[in-house]
Amino acid sequence: MNFPDFERRLNRPTQLKLPELERNGRLKHVLFARQLGRELLEELNVTATMIRHLAATKDGAVFLKGLLPEKRAMLYFTQTSTRTFLSFTAACQLLGMSTAEIRDPSVSSEYKGESPLDSMRMFSSYFDIVVMRSGEPNFAEVCAYLMNDLDAFHQRSVPIINAGAGTDEHPTQSLLDIHTIQRCFEFESERDSGDWNRFDELRKQYRDLTKGLSNKVYGFCGDLARGRTVRSLAILLSQYEALEMHFVAPADERLRLHSDLKRRLLDAGVSVHEHERLDDIVEDIDLLYMTRVQSEHDKAGSETDHLQQSYAITTELANRMKSYAPILHPFPRNSEIPPEIDRNERAMYFHQARNGLWARAALLTHLFDVDRHVTTQYRRQFSEFHNYNRASPT
Ligand code: NCD
């Protein structure tokens, strides 16, 4: 697709685009990972955690359902998706929003020659937010500019969320990835008490271990060139201090880390290393982020499939990792993580997928400016709960 009217805006450096994607210090549209600054990530992390706790109680679930009943979401997913689509649907349901979906443009009027931008304007007439995944790399961005132009003429305009565009960006996946990493690197355990806690226990073995995302060694493995999740996550992580990133990909240019991403990470002060074998780094990393080979981008559709086996993780490799080091994967997986790894204590990818629900719900409360109500309800419900249960001082 060509968008001649938007070309000048599309071709600007991303940094210059950011101000018009915000309003009153809040995100207005979500297109790029780098819109999620560290402070906002911390905020969304806290909101996601509160939503998770509230959703587990009847009062909390009823409260959440009453937050946004007047809002309707259009989920425009013309490129394949399972988790992103379903977790956005579930997040909307959690907050009382209603949803409609288009997953196949051949059943919409685009088939009759309607321009995608006219379709988008129709969506914004009926809905209050458009969450979209399209195979067209710039389409979500163009839609956001269209909405801004409508806004400038006092026409109806709604937020656009990029739920994965081309090989380039997947900001909401990186949001849930960060939320997952934040949870993992709190090193909490249900068994934590005044006498014993997991973090102190781990520190007996790993003396330099610290809580949080800084001071960590991150491993990324698989299709580093075409995996948009790696790209978005590495960009977000680079905001933290004292990081090493190790990128493992088979010796094939189609999969290896792109030089532009490498340059950006180096400029952000990250120590970047490249490898061909997972075996070289498993003992050193604090986290492993696996990805599949994205062979749908191959000309013939499957030329790079065979490379998957060359970097698959085995039980032997997983067990050589630090005991607390999580294994993440955005999914879908192929053979790079065999199912026997699912039983390993390091396997966190199903938790990661579930975190998508909380993180996306948190993002929606931010966009619709109701996150402060979540905080109020959380304090109301849980401080009473804690006070009630706290043993009286003797
Ligand atoms: C990823 C995607 O679509 O970019 N999946 C996801 O959104 N969870 C990764 C992939 O397709 O491999």
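## A tour from a loop to a sheet

Start by selecting Asn215, which sits in the loop between helix 9 (198-205) and strand 7. Keep in mind that you're looking at a predicted model. Asn215 isn't a glycine, yet its phi is positive, at about 55°. Most residues other than glycine have a negative phi. Is Asn215 buried or exposed? Neither label quite fits: Asn215 is partly exposed, with a relative accessible area of 45%.

Now hop over to His154, in the loop between helix 7 (139-152) and strand 6 (160-165). His154 is another non-glycine residue with a positive phi, near 55°. Turn on the surface and you'll find His154 exposed, with a relative accessible area of 76%.

Next, the sheet. Select strands 7 to 11: these five form an open sheet in the order 9-8-7-10-11, with parallel pairing. Strand 9 (271-275) and strand 11 (327-328) are at the edges with a single partner strand each, so one side of each has no neighbour in the sheet.

Zoom in on strand 10 (residues 287-290), which pairs with strand 11 in the parallel sense over two bridges. Pick Tyr289 and look for its bridge partner in strand 11, Leu328.

What packs on this sheet? Show helix 10 (residues 228-237), which touches strand 7, strand 8 (244-248) and strand 10. The direction of helix 10 makes about 165° with that of strand 7. Then add helix 8 (residues 171-184), lying across strand 7 (217-221), strand 10 and strand 11, at about 155° to strand 10.

Last stop: Pro332, in the loop between strand 11 and helix 13 (349-367). Check the peptide bond from Phe331 to Pro332: it's cis, with omega near 0°.

Note on methods. Residues numbered from 1 in each chain as written. Predicted model: local features only at pLDDT ≥ 70, side-chain atom pairs only at ≥ 80, totals over all residues. Heavy atoms only, no water. Pairing = 2+ DSSP bridges. Helix = DSSP H or I, 4+ residues; strand = E, 2+ residues; numbered from the N terminus. Contact = heavy atoms within 4.5 Å. Axes fitted to C-alpha atoms, helices over the stretch in contact; angles between N-to-C directions. Buried < 20%, exposed > 50% of the residue type's maximum accessible area, 1.4 Å probe, protein only.
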